[in-house]
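Thanks for sharing this one. Here are my notes, kept short and in numbered points so that you can follow along with the model open.

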Amino acid sequence: MKNQAYRMAMLYDFYGDLLTDRQKEFYDLYYNEDLSLAEIAENYGITRQGVRDVIVRAEAYLTEIEDRTGLIRRFHTMQSQLREIADCVRQVTDLNDKRLGSDELEVLASRIQSLTDKLIQE
């Protein structure tokens, strides 16, 4: 369940602006505000099935976009690679501290670490 909620949140974060206003609203209420289909239906004066249909269409559309573009998959791959780069930089810094003591290498490693940290946070 948690993985599905995370996946839906990622899809919405990446592609939510491509949904219709109604799809965005129902999707947000259902996944982010944790309202039930019945609660949303009651608030909007429509059937529970009507709400479900809107959400299912939105999910299908977001999934289709991800299947075509792969942006989320690439995002996760890049995040993993950036963490690996950050780990390598720490190892280089440790080796430099223990063996070389190069100020130049320390500055370069620090710069790489800083840039990597910024990219990971984005």
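1. Residues 24 or more positions apart account for 56% of the contacts with a separation of 6 or more in the protein; contact here means heavy atoms within 4.5 Å. Before going on, please note that this is a predicted model, in which local features need pLDDT of at least 70 and side-chain atom pairs count only at pLDDT 80 or more, while totals for chains, interfaces and linings use all residues. Residues are numbered from 1 along each chain as its sequence is written, and side-chain values use heavy atoms, with hydrogens and water left out.

2. On overall form, the protein has a radius of gyration of 22 Å, whereas a compact globule of 122 residues would come near 14 Å. That radius is taken over C-alpha atoms, and the globule rule is 2.2 Å times the number of residues to the power 0.38. Along the principal axes, the C-alpha atoms fill a box of roughly 70 × 25 × 25 Å.

3. The protein holds 6 helices and 0 strands, and its elements read α-α-α-α-α-α from the N terminus on. These are DSSP runs numbered from the N terminus, with helices being H or I of at least four residues and strands E of at least two.

4. How much of the protein counts as buried? The share is 28% of the 122 residues, where buried means under 20% relative accessible area, exposed over 50%, and partly exposed in between (1.4 Å probe, protein chains only). The exposed surface comes to about 8,700 Å², with carbon and sulfur atoms supplying 51% of it; the areas are from the Shrake-Rupley method with a 1.4 Å probe, and for residues only the protein chains shown count as cover.

5. On charge, there are 16 positive and 23 negative side chains, and the centres of the two sets lie 5 Å apart. Lys and Arg count as positive and Asp and Glu as negative, leaving out His and the chain ends. Each charge is placed at NZ of Lys, CZ of Arg, CG of Asp or CD of Glu.

6. Helix α5 deserves a look of its own. It covers residues 71-100, 30 in number, and reaches 41 Å from its first C-alpha to its last, close to the 44 Å expected at 1.5 Å a residue; the expected span is 1.5 Å times one less than the number of residues. Buried positions in α5 include Leu82, Ala86 and Val89. After the helix comes Gly101, with a positive phi near 70°.

7. Why is Gln79 in α5 listed as buried? Gln79 counts as buried because its relative accessibility is 9%. Leaving aside neighbours within four places in sequence, Gln79 is in contact with Leu119 and Ile120. Ser80, also found in α5, is partly exposed at 38% relative accessible area. The C-alpha atoms of Ser80 and Leu119 are separated by 11 Å, with their positions 39 residues apart along the chain.

8. Please check the backbone at Asp34, which is not a glycine yet has a positive phi of about 60°. Asp34 sits in the loop between α2 (21-32) and α3 (37-44) and is exposed, with a relative accessible area of 66%.

9. Two C-alpha pairs make a handy comparison. Asp53, in helix α4 (residues 48-69), is 9.7 Å from Gln23, 30 residues apart along the chain. Thr20, in the loop between α1 (2-15) and α2, is 15 Å from Gly50, 30 residues apart along the chain. Asp53 is partly exposed at 30%, and Thr20 is partly exposed at 44%.
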